[in-house]
Amino acid sequence: MGERVTSRLEEVRMLDAEHVMATYARQPAAFVRGEGATLYDADGEAYLDFLSGISVCNAGHCHPRVVEAVREQAGRLMHASNLYLTEPAARLAERLASSFGADAKVFFGNSGAEANEAALKLARKHRRGGEIVVLEGAFHGRTMGALSATPQETKQEPFAPLVPGFVVVPRADARHCHRIGYTCPSCGKPIYEESEQCPKCGTYLDGTDAPPQRRPLWIGLGVAAGANTASQ
Ligand SMILES: Cc1ncc(COP(=O)(O)O)c(C=O)c1O
């Protein structure tokens, strides 16, 4: 890297350090342009981008069709709020929903964390009470609900107390996920261990004996914000 770049990079680093909250440790690079799988710094130095913006730029940087669509829309109407309808959003929802089945619905959010918050709220609304099972070491984002679903000490500890109602299960025993967080359909007591019967009242919990509304509700997440973050 030449002297000029070092000083440009230093200048950006100093501006960032002075004015941006230090929530992320930045890599020592500042990019000015992208094309396909390549990023360029101010000196024209090329970098092969293996990260793709954490999978957000998965059509490549500045794909001509994406650029043209954004340019065209930005010149026509940039923001109308969610109080009004716009045709592109309705058309996109139709396309996305058609991949998931007749009664699928789309929620538009701006980030993975927001999608996860929406999924948590949907689950709560659909099924009052109960617990949300997350895998140990999982990462679901940095908003309070998503952070509460992120059982990592270093990330959670500074922000305690978190949102209650999350249960962490070991990755090694996925079977736990089928039972933990169950509520006994008979006595209403929560059940935390792998069991065929409610340890409190003896009611059978397995198979057809368990009413469908007491079966676990699965929240599936495919996070690559901007293109296909999907929660159902
Ligand atoms: C698995 C997973 N969940 C959630 C998120 C949060 O997404 P965002 O940073 O867009 O809020 C990320 C982001 O990297 C992620 O990798």
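What percentage of the 232 residues in the chain is buried? Buried residues make up 12% of the chain.

## Model and confidence

The structure is a predicted model. Mean pLDDT over the chain is 82, and 78% of the residues reach 70 or more. Residues 225–232 have pLDDT below 50. This stretch still has 22 contacts in the model beyond near neighbours in sequence. Where pLDDT is low, the predicted coordinates should not be read in detail.

## Overall content

The secondary structure of the chain comprises eight helices and nine strands. Of the contacts between residues at least 6 apart in sequence, 40% join residues at least 24 apart.

## The β1-β2-β3 sheet

Three strands make an open sheet, ordered β1-β2-β3, with antiparallel pairing. The edges are taken by β1 and β3 (46–48), each of which has a single partner strand, so one side of each is left without a neighbour in the sheet. From one strand to the next, the twist averages 30°.

The pairing of β1 with β2 is antiparallel and runs over four bridges. Within this pair, F31 stands opposite D41 in β2. On the other side of the sheet order, β2 and β3 are joined by three bridges and also run antiparallel. Here Y40 stands opposite A46 in β3.

## The hairpin turn and A37

β1 and β2 form a hairpin with two residues between them. In the turn, G36 has a positive phi of about 60°. A37 is found in the loop between β1 (31–35) and β2 (38–41).

Is A37 exposed, partly exposed or buried? A37 counts as partly exposed because it has 13 C-beta neighbours inside 10 Å, and a residue is called buried at 20 or more and exposed at 12 or fewer. Setting aside residues up to four places away in sequence, A37 touches L48, D49 and G60. A37 is also 9.1 Å from A59, C-alpha to C-alpha, with their positions 22 residues apart in sequence counted as separation.

## Helix α2: two positive phi values

Helix α2 covers residues 52–55 and contains S52. I54 is placed in helix α2 as well. Phi of S52 is near 50°, a positive value in a residue other than glycine. Phi of I54 is likewise near 50° and positive, again in a residue other than glycine.

The surroundings of these residues can be given by neighbour count. S52 is classed as partly exposed because 17 C-beta neighbours lie inside 10 Å. I54 is classed as exposed because its count inside 10 Å is 12.

## Helix α4 and L96

L96 lies in helix α4, which spans residues 87–97. With 15 other C-beta atoms within 10 Å, L96 is partly exposed. L96 and V106 are ten residues apart in sequence, and their C-alpha atoms are 7.2 Å apart in space.

## Helix α5 and the nonpolar core

Helix α5 consists of 15 residues, 112–126. From its first C-alpha to its last it reaches 21 Å, close to the 21 Å expected at 1.5 Å a residue. Its buried residues are G112, A113, A115, N116, E117, A119 and L120.

Which residues form the largest nonpolar core? This core has ten residues: A113, A115, A119, L120, I132, V133, A146, L147, A149 and V169. At least two of them come from each of α5, β4 (132–135) and α6 (144–148). The element that gives the most to the core is α5, with four residues. L120 is in contact with I132, G145 and A149, leaving aside neighbours within four places in sequence.

## A cis peptide bond

Where is the cis bond that involves P161? The peptide bond from A160 to P161 is cis, with omega near 0°. P161 is placed in the loop between α7 (153–156) and β5 (166–169).

Note on methods. Residues are numbered from 1 along each chain as its sequence is written. This is a predicted model: local features need pLDDT of at least 70, side-chain atom pairs count only at pLDDT 80 or more; totals for chains, interfaces and linings use all residues. Two residues are in contact if their C-beta atoms, placed from the backbone, lie within 7 Å. pLDDT is the predictor's confidence in each residue, from 0 to 100. The expected span of a helix is 1.5 Å times one less than its number of residues. A nonpolar core is a set of buried Ala, Val, Leu, Ile, Met, Phe, Trp, Tyr and Cys residues joined through C-beta atoms within 7 Å. Two strands pair if DSSP finds at least two bridges between them. Axes are lines fitted to C-alpha atoms, for helices over the stretch in contact, and angles run from 0 to 180 degrees between N-to-C directions.
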